[in-house]
Amino acid sequence: MSIVVEELTKRYAGHPVVNSVSLEVADGEFFVLLGSSGSGKSTLLRMVAGLTETDGGRVLLHGRDVTDLPPAQRGIGFVFQSYALFHGMSVAGNVEFALSIRGVPAGQRVRRRDELLEMVGLAGLGGRMPRQLSGGQQQRVALARALAHQPEVLLLDEPFGALDAKVRLELRRTVREVQRELGISTIFVTHDQEEAFELADRLAVLSFGRLLELGPPEELYLRPETEFVATFLGTANLMVGEHTAEGVRLGPVQFPLSTRAEVTDRSRRVQVLFRPEDVALRESNEAAPFPFLGKAVVDQRSFAGSFERLRLRLPPLPGVRSIAPPAPFGSDDLWVEASRTQEQARRFPLQPGDAAWVGVQRVHALVHPGLRFLVLTDGSPEGGPALKLGGDVARLAHAQVTPLAGDQGDQETAEEVRRRPCDLVVLALPAKEPADGLDFASEILRAGQHHLLLVPGGERKAAGVPSRPLVCVAVGEPGKEDVAFSGRLSRHLGAEATILTILPEAERLDRKESGAVMRAERFLERNRRAMARLGVTVTARIRYGDVRHQIIEQIEEGQHDLLVLGVPLPRQGGALSLGGLIGRLIPDLSNIPVLIIRSPEAVGDLK
């Protein structure tokens, strides 16, 4: 590999702007870092170049550890967005500069300069000054200068950001041709998706300093694994449906899967993606080789050159929630983005207000569905910590967060939760008597198929998002869901997790002969591996004795700042209640949030 980045980290004022990023760039590969402003992509590139110091991790170039070397000793060429040319030097002087300071003889410098100027399309312009060139020409000079000393690696930091569309297109082609001709390993930073798709052999998508996904552009566009990537790369129609043995289902409509999906023996919620070009519009829903979502009304139509864009409004489908495009506030309808060639538009012309049947030719089910948070707040200072923690965790987990105003114990609030499907509800407990809020918390937990995060009300001593969660699990199927959700959350938070199971004291006394201990060890090891596959640092522990006492001791010993527990399974015919173990623990955890995880096995019994 030409470039290897291992757990690279950079913090400013304690905040990670690049957070444990690892990636590899093959020999001769054109690798693109794609992300919005503030995602950390330029900082990551500058650390590879040696222009920014690292706070953790390593950089290897062609097998050499260059983490502590200055830029001049790394064998890199760097192209800046601002050109960074020497305005007092001619084009020829700029290109030759790196060779001059290395003592290369004049004859060799001239030959190399002329080769590069011809390569970047500036032959015969060596005598001009930078001010006599256009922006595109100046960037070509910057590229030639970066390549003059024959670097082993080429790094480009949004080099076309200040140029117009036509010049950008020409320069993209020039850069790609030069890179292929030289066979030089390249990392290119951009926020322009079209640029990334055209240039990249592989691309990596960054957000808030984390690398979310990487792969060939067509793979990430057609088969993304996260909600953020699905909606960030191009226009997306993303809806929550069900994954079944036959494919996926959106309300009453069954779709065969066009892409791979995680095999499952039971239905589960998934995010279903289809792109605008996957939408087929027909005058009727007669026999077609694809299913129809329903009859929609055209809301908007726009001309886009070789194709047209349509925004369609569909009646709501039972049990289906739309993520993208987002529905207007207060609307229950589903919105669909479609695109058609001009030939298709001529065959079936549509204008705003016209009706058409919406068919979908291809769908993809996301392997790791995104999250939706609902934060309950009464607007008082006591509820402030829940609102802040919910927002901070949602930001790092790339989740959508919705504040919901309501009073503790208000039945209308519980009903509103039922009407708003989500993954996690965040609720503040009363500051003085936190156990008094558990009845309402039980009601909120019964209001849907979500998890619940209980946050101590009032002033919290702990600052920031949790970084050392304690995941307490019982051996068995419900515990797997606890670990799965905790792993996803810990990965987003950059947290180091501890998985704990507690057995009776008698099992420790007869540990060698105990089948329960052996089952617990196997269970913990499987779950440790499951979290480790997500990139989470995990410690697994077995403790013995009283459950409440052992949890409290482990929290104190490990300085944990989040406790994760599974939903207590209700007894046959009974309603779910948090008054048992959780009720006994809450008074002892006045400063630690408690995340209560719902398992699929508990869903059918909830009243």
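**Figure 1. Overview of the protein chain in a predicted model.** Of the contacts in the protein chain with a separation of 6 or more, 74% join residues 24 or more positions apart. The model is predicted, and its secondary structure comes to 18 helices and 30 strands. The protein chain has 607 residues, and 52% of them are buried. About 27300 Å² is exposed, with carbon and sulfur atoms supplying 49% of that area.

**Figure 2. The open sheet of nine strands.** The strand order is β23-β22-β24-β25-β30-β29-β26-β27-β28, and the pairing is mixed. Two strands, β23 (400-405) and β28 (537-544), form the edges, and each pairs on one side only. On average, neighbouring strands of this sheet are turned by 20° against each other, direction ignored. In a regular strand, side chains alternate between the two faces of the sheet.

**Figure 3. Strands β24 and β25 of the open sheet.** Strand β24 covers residues 424-429 and strand β25 covers residues 451-456. The two pair in the parallel sense, over six bridges. One bridge partner to look for is L454 in β25, which is matched with L427.

**Figure 4. Helix α16 lying across four strands.** The helix is formed by residues 547-558. The strands it lies across are β26 (469-472), β27 (496-503), β28 and β29 (562-566). Helix α16 runs at about 140° to β28, which is one of the edge strands of the sheet.

**Figure 5. Strand β20 with β15 and β16.** Strand β20 consists of residues 355-360 and pairs with β15 (residues 279-282) in the antiparallel sense, over four bridges. In this pairing, A280 has G359 of β20 as its bridge partner. Strand β20 also pairs with β16 (residues 292-304), again in the antiparallel sense, over five bridges. Here K295 stands opposite W357 in β20.

**Figure 6. Helix α2 and its packing.** Helix α2 spans residues 91-101, and its buried residues are V91, A92, N94, V95, E96, A98 and L99. These buried residues pack against α3 (106-119) and α4 (135-147). Just after the helix, G103 takes a positive phi of about 75°.

**Figure 7. The ring pair F228 and F232 in helix α8.** Helix α8 is made of residues 227-232, and F228 and F232 are four residues apart in it, about one turn of the helix. An α-helix has 3.6 residues a turn, so residues three or four places apart point the same way. The ring centres of F228 and F232 are 5.3 Å apart and the planes are at 15°; the pair therefore counts as stacked, because planes under 30 degrees apart fall in that class. Both F228 and F232 are buried. Beyond its neighbours within four places in sequence, F228 is in contact with V205, L206, S207, L212 and H398. The C-alpha atom of F228 is separated by 8.7 Å from that of A399, although the two residues are 171 residues apart along the chain.

**Figure 8. Other aromatic rings in the model.** The count of aromatic pairs comes to eight. Ring pairs link F30, F160 and F188 into a cluster. Two rings have an arginine over them. R275 lies over the face of Y221, at 4.1 Å from the ring centre. The charged end of R395 sits over the ring of F208, 5.4 Å from its centre.

Technical notes
Residues numbered from 1 in each chain as written. Predicted model: local features only at pLDDT ≥ 70, side-chain atom pairs only at ≥ 80, totals over all residues. Heavy atoms only, no water. Pairing = 2+ DSSP bridges. Axes fitted to C-alpha atoms, helices over the stretch in contact; angles between N-to-C directions. Contact = heavy atoms within 4.5 Å. Buried < 20%, exposed > 50% of the residue type's maximum accessible area, 1.4 Å probe, protein only. Areas by Shrake-Rupley, 256 points an atom, 1.4 Å probe, with all protein chains shown as cover. Phe/Tyr/Trp six-rings, centres within 6.5 Å; stacked < 30°, edge-to-face > 60°. Lys NZ or Arg CZ within 6 Å of the ring centre and 35° of its normal.
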